[in-house]
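Let's take a friendly walk through the helices, sheets and domains of this structure. Please have the viewer open as you read.

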Amino acid sequence: MELFCLGLNHRTAPVEVRERFAVSAPRLGAAATELTSMAEAAEGVVISTCNRTEFYLAAPDARHGLLQLESGLTRRERLDGSVSSHFYRKVKADAAQHLCRVVSGLDSMMLGETEIFGQVKQAYQAALAAGATGSVLNRLFQRAFGVGKKVRTETSIQEGSTSVGNVAVDLAEKIFGHLKDSEVMILGAGEMGRITAQSLVSRGARAIFVSNRSFDKAEELARDMGGTAVRFDDWQHALERVDVVISSTGCPHALVHRADVEKVRRARKFRPLFFIDIAVPRDIHPDVAEIEEVYLYDIDTLENLANEARARRQCQIAHCELIIDTELAKLNLPGT
Amino acid sequence: MDRWFLIIATLLAAIGGVWGMISVHHGIRSRWTVLWMGAAVVCQLGFLSLRGHLRGACPLQDIGEILVFLAWAITSIYLLIGPAYRISLLGVFTAPLVFGLQAAALISGMLTALPVRELPTGVFHALHSSLSVLAYGALAVAGVAGIMFLVLDRQLKAHVMRSGLFRNLPPAHELLVSLERLLWLGTGLLTCGVVAGFLMPRTPQMQHTHLFLALAVWAGYAGLLAVKAVRGLTGRKLALSTVAMFIFSLLVFARV
């Protein structure tokens with residue numbers, strides 16, 4: 001029995017091709033069974049996420065199985081032969097190594113992301129439940145999960161946040177601990193502000209206040225986020241109670257000055273205040289950072305921190321690949 | 001024999017501190033520091049019980065014993081609150097202080113070589129000494145939490161997030177909450193210690209300066225807590241005041 005993999009991902013295929021081959025989560029088991037028979041294979045697992053669709057199969061002849069599967073898929077989707085340029089093909093040990101890279105997050109758009117581990121697990125369990133797996137793929141996937149865990153625990157491939165929103169949330173947690181007692185105010189109804197605030201809410205932030213020059217827009221965003229709209233003239237009053245301020249207005253000059261914060265310090269009993277300024281030009285005057293209990297981060301600082309985390313993850317790739325190769329060499333998997 | 005207990009306790013604190021610092025330098029949290037410190041507290045208890053047996057009284061009769069008692073109080077309070085409240089790195093910051101106090105106690109002349117049996121001094125004297133040193137233990141750990149906050153605050157202000165220290169330090173809010181709780185605990189114990197001090201039978205040799213200094217320390221801590229509760233204080237001011245107050249409070253030992 002020989003192992004092989006046919007797949008396409010964000011690097012090899014545009015979204016209009018990827019969406020043709022995407023399989024919804026409830027159909028993963030049925031798709032595995034269907035493709036196994038299409039490729040004249042004995043076992044099959046289908047992995048489908050927003051960035052990739054991959055078919056792992058075990059057949060007596062990997063080359064023949066690949067040809068059968070590719071032509072079957074092209075026929076079924078009524079595509080011409082040009083689609084084959086978007087596919088990558090992995091056979092035997094290369095296929096096993098590729099799966100380990102995928103599970104470890106090394107092949108992801110966001111290097112080291114952890115969500116893929118759960119998605120592959122879900123795909124394998126669906127195929128297992130549908131009876132599409134056998135001794136080759138069962139052993140391969142179980143070992144790949146072990147290797148994925150080892151990579152994550154022995155390297156720092158998943159450390160640090162690689163997006164501005166996540167950096168802001170991590171910082172908020174470093175200041176306030178769990179966010180369930182924290183209140184957030186958004187100044188401006190921009191998209192970035194909304195996304196960052198949603199990240200804070202998803203980690204437990206208690207209340208959201210939205211203030212915008214157009215009160216209608218503030219109300220709309222507040223409704224979407226389950227928060228409260230605040231008139232733009234009143235944001236200084238709200239400053240007395242909130243812990244985090246996310247600012248993303250299109251104001252051409254600084255909106256929050258040192259004097260604004262100084263005014264509310266006594267009322268706040270000098271509690272820490274975290275400003276996330278993602279506006280360009282900046283909404284919060286840099287002098288505000290000189291106040292003892294204020295932590296001010298602008299978009300450049302957040303971007304730099306995200307870039308640093310990405311660079312740190314890049315440095316870990318060689319170490320991760322060494323772990324994968326060493327583990328695979330030890331395992332002597334069938335079909336490879 | 002008592003000195004051997006102290007030497008081993010000092011080595012264990014040193015190992016705990018160095019081990020923890022190396023782990024932090026490599027970006028990982030040492031789970032062993034708590035074990036080294038746990039072993040250190042057993043040795044401290046061995047030392048204190050032997051000295052107590054020889055003295056026939058609470059082992060707080062010379063400056064060396066007071067330093068070891070203080071080190072024991074600090075270690076015990078760390079072991080009580082550090083793992084329970086998951087204040088990571090508290091042990092790494094506490095170990096050097098414990099090591100320093102015990103190393104100072106080992107300096108020649110700090111510990112009486114042949115402790116003599118003490119004459120009974122009364123229950124209030126024993127209560128004053130032991131409660132005050134326990135209070136100092138809590139206040140010292142509050143100072144350690146204060147230093148941890150100051151380190152984190154500086155890194156947050158300067159946007160320095162790459163270090164293993166930053167990644168492993170607990171959140172600023174949790175450090176401040178722990179610091180405040182320790183201040184309340186320490187000040188509560190100190191209140192009882194000072195009251196017991198004033199209830200001690202008066203003797204002509206008694207040093208009144210010591211009691212007045214203790215009262216000044218108590219007033220300082222009580223004032224700090226009152227200001228925090230009524231007016232509020234920035235984290236940095238609270239942490240700096242706690243560290244400064246602890247250093248000032250050591251003057252009481254100079255007059256013991």
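Helix 7 of chain B passes helix 8 of chain B in a left-handed crossing; a crossing is left-handed if the near helix is turned anticlockwise from the far one by less than a right angle, and right-handed if clockwise. This is a predicted model, in which local features need pLDDT of at least 70, side-chain atom pairs count only at pLDDT 80 or more, and totals for chains, interfaces and linings use all residues. Residues are numbered from 1 along each chain as its sequence is written, while chains are lettered from A and ligands numbered from 1 in the order in which they are written.

Helices (H or I, at least four residues) and strands (E, at least two) are DSSP runs, numbered from the N terminus. Helix 7 (residues 172-199) and helix 8 (residues 208-230) of chain B pack at about 150°, with their axes 10 Å apart. Axes here are lines fitted to C-alpha atoms, for helices over the stretch in contact, and angles run from 0 to 180 degrees between N-to-C directions. Among the residues that meet are Trp184(B) and Leu190(B) in helix 7 of chain B, and Trp218(B) and Leu225(B) in helix 8 of chain B; contact is taken as C-beta atoms, placed from the backbone, within 7 Å. The residues of this contact divide into 13 nonpolar, four polar and two charged. For these classes, Ala, Val, Leu, Ile, Met, Phe, Trp, Tyr, Cys and Pro count as nonpolar, Asp, Glu, Lys and Arg as charged, and the others, Gly among them, as polar.

On a wider view, chain B is assigned domain 1 (1-113) and domain 2 (121-256), with bounds from an automatic or database domain assignment. The C-alpha centres of these two domains of chain B lie 18 Å apart. Their contact takes 26 residues from domain 1 of chain B and 25 residues from domain 2 of chain B. On the domain 1 side, helix 1 (2-25), helix 3 (63-81) and helix 4 (90-106) of chain B each give two or more residues, and helix 3 of chain B supplies the largest share, ten residues. That side divides into 19 nonpolar, six polar and one charged.

Now for chain A. Strand 3 (residues 52-59) of chain A is largely enclosed by the rest of the structure, because eight of its eight residues are buried. Buried means 20 or more other C-beta atoms within 10 Å of the residue's own, exposed 12 or fewer, and partly exposed in between, with C-beta atoms placed from the backbone. Arg52(A), Glu54(A), Tyr56(A) and Ala58(A) point one way from strand 3 of chain A, and Thr53(A), Phe55(A), Leu57(A) and Ala59(A) the other way. A hairpin of three residues joins strand 2 of chain A to strand 3 of chain A.

Here are some strand pairings in chain A; two strands pair if DSSP finds at least two bridges between them.

| Strands (chain A) | Sense | Bridges |
|---|---|---|
| Strand 1 (residues 2-9) and strand 3 | antiparallel | eight bridges |
| Strand 2 (residues 43-48) and strand 3 | antiparallel | six bridges |
| Strand 5 (residues 183-187) and strand 6 (residues 207-212) | parallel | five bridges |

Strands 5 and 6 of chain A belong to an open sheet of six strands with the order 7-6-5-8-9-10 and parallel pairing. Its edge strands are strand 7 (228-231) and strand 10 (294-298) of chain A, and the twist averages 20° from one strand to the next. Helix 9 (residues 215-225) of chain A lies across strand 6 and strand 7 of chain A, running at about 160° to strand 6.

Terms used:
Contact = placed C-beta atoms within 7 Å.
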